[in-house]
Amino acid sequence: LFERQQQEFGVILNSTRVIALRPTIVEGSNALSAGIDASGLIEPSLKYLVSTKTAWIKAAILIDINAHRVAQVDNEVEKLGDLDRYAKSDVYSEREKLALELAERMTYTGKRVTARFFARLQTEFSDEEIVELSAAIAYENFRSKFSTVFAVESNGLCSLPSVREKTEELLAGLFAIDVGALRSSMDKDLFSDGLPHTYRARISA
């Protein structure tokens, strides 16, 4: 896993260093992720987009990872800047807007997937596609909620201003981190002894 991430991202992800403390758990998480990917009905660009939206709501560390993947897809970069206003944006297809709304309905505590909305989903997705899409969003919620416990820092993979600003905003709000210090840390090596700085601070508090 470490070698694969080193090849894909050029670094070992901070969240992986934490969850890898329990090998059976990281193996189970990776198996679920691999199963979702192997299903193969939803285009990867859309899965990365809804994963970014889910992380946008829940946890900054995963915004960075997923936005990096979205940014690798041709003509997808501008979509990252419109995530907060996707419903009124012209850069998304109807299929993408429905997928992003599903991510919101599954992630925000006060929202739910109604029968009316599910019927709208079925105009763009088969039931099999909805299963895969829902699994991808649910998995991202698991990863997001896990990372917030340990205040895992961003790896600084995506340099787009909209993503950097959202990352700083969420980290500052969730973990009471000074934004100036955060900007400095995001431009430096985040590790001195193998664990993220905020993770070390959380377990020693």
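Which residues have the most contacts inside the largest nonpolar core? They are Val50, Leu100, Leu121, Phe125 and Leu133, in a core of 19 residues. The structure is a predicted model, and the account below starts with the whole chain before returning to this core.

**Overall fold**

The protein chain has 205 residues, of which 46% are buried. Its secondary structure consists of twelve helices and zero strands, giving the pattern α-α-α-α-α-α-α-α-α-α-α-α along the sequence. Of the contacts with a separation of 6 or more, 67% join residues 24 or more positions apart.

**The largest nonpolar core**

Four helices each give two or more residues to the largest nonpolar core: H4, H7, H8 and H9. The largest share is that of H7, with five residues. The table lists the four helices with their residue ranges.

| Helix giving two or more residues to the core | Residue range |
|---|---|
| H4 | residues 44–58 |
| H7 | residues 94–107 |
| H8 | residues 115–121 |
| H9 | residues 127–149 |

Leu100 is one of the core residues with the most contacts inside the core. Leaving aside residues up to four places away in sequence, Leu100 touches Leu49, Val50, Lys53, Leu83, Tyr86 and Tyr92. Val50, one of these neighbours, is itself among the residues with the most contacts in the core.

**Packing of H3 against H9**

Helix H9 also packs against helix H3, which spans residues 23–39. The two axes lie 10 Å apart, at an angle of about 155°. Angles over 145 degrees count as roughly antiparallel, and H3 and H9 are therefore roughly antiparallel to each other. Their crossing is left-handed. On the H3 side the contact is made by Ser29, Leu32, Ser33, Ile36 and Ser39, and on the H9 side by Glu132, Ala135, Ala136, Tyr139 and Phe142. By residue type, the contact contains six nonpolar, three polar and one charged.

**Ala151, after H9**

Where does Ala151 lie? Ala151 is in the loop between H9 and helix H10, the latter covering residues 161–175. Is Ala151 buried or exposed? The relative accessible area of Ala151 is 3%, and buried means under 20%, so Ala151 is buried. Ala151 and Ser15 are 136 residues apart in sequence, yet their C-alpha atoms are 9.4 Å apart in space.

Key: Residues are numbered from 1 along each chain as its sequence is written. This is a predicted model: local features need pLDDT of at least 70, side-chain atom pairs count only at pLDDT 80 or more; totals for chains, interfaces and linings use all residues. Side-chain values use heavy atoms; hydrogens and water are left out. Axes are lines fitted to C-alpha atoms, for helices over the stretch in contact, and angles run from 0 to 180 degrees between N-to-C directions. Angles under 35 degrees count as roughly parallel, over 145 as roughly antiparallel, 65 to 115 as roughly perpendicular and the rest as oblique. A crossing is left-handed if the near helix is turned anticlockwise from the far one by less than a right angle, and right-handed if clockwise. Contact means heavy atoms within 4.5 Å. Ala, Val, Leu, Ile, Met, Phe, Trp, Tyr, Cys and Pro count as nonpolar, Asp, Glu, Lys and Arg as charged, and the others, Gly among them, as polar. A nonpolar core is a set of buried Ala, Val, Leu, Ile, Met, Phe, Trp, Tyr and Cys residues joined through side-chain atoms within 4.5 Å. Buried means under 20% relative accessible area, exposed over 50%, partly exposed in between (1.4 Å probe, protein chains only).
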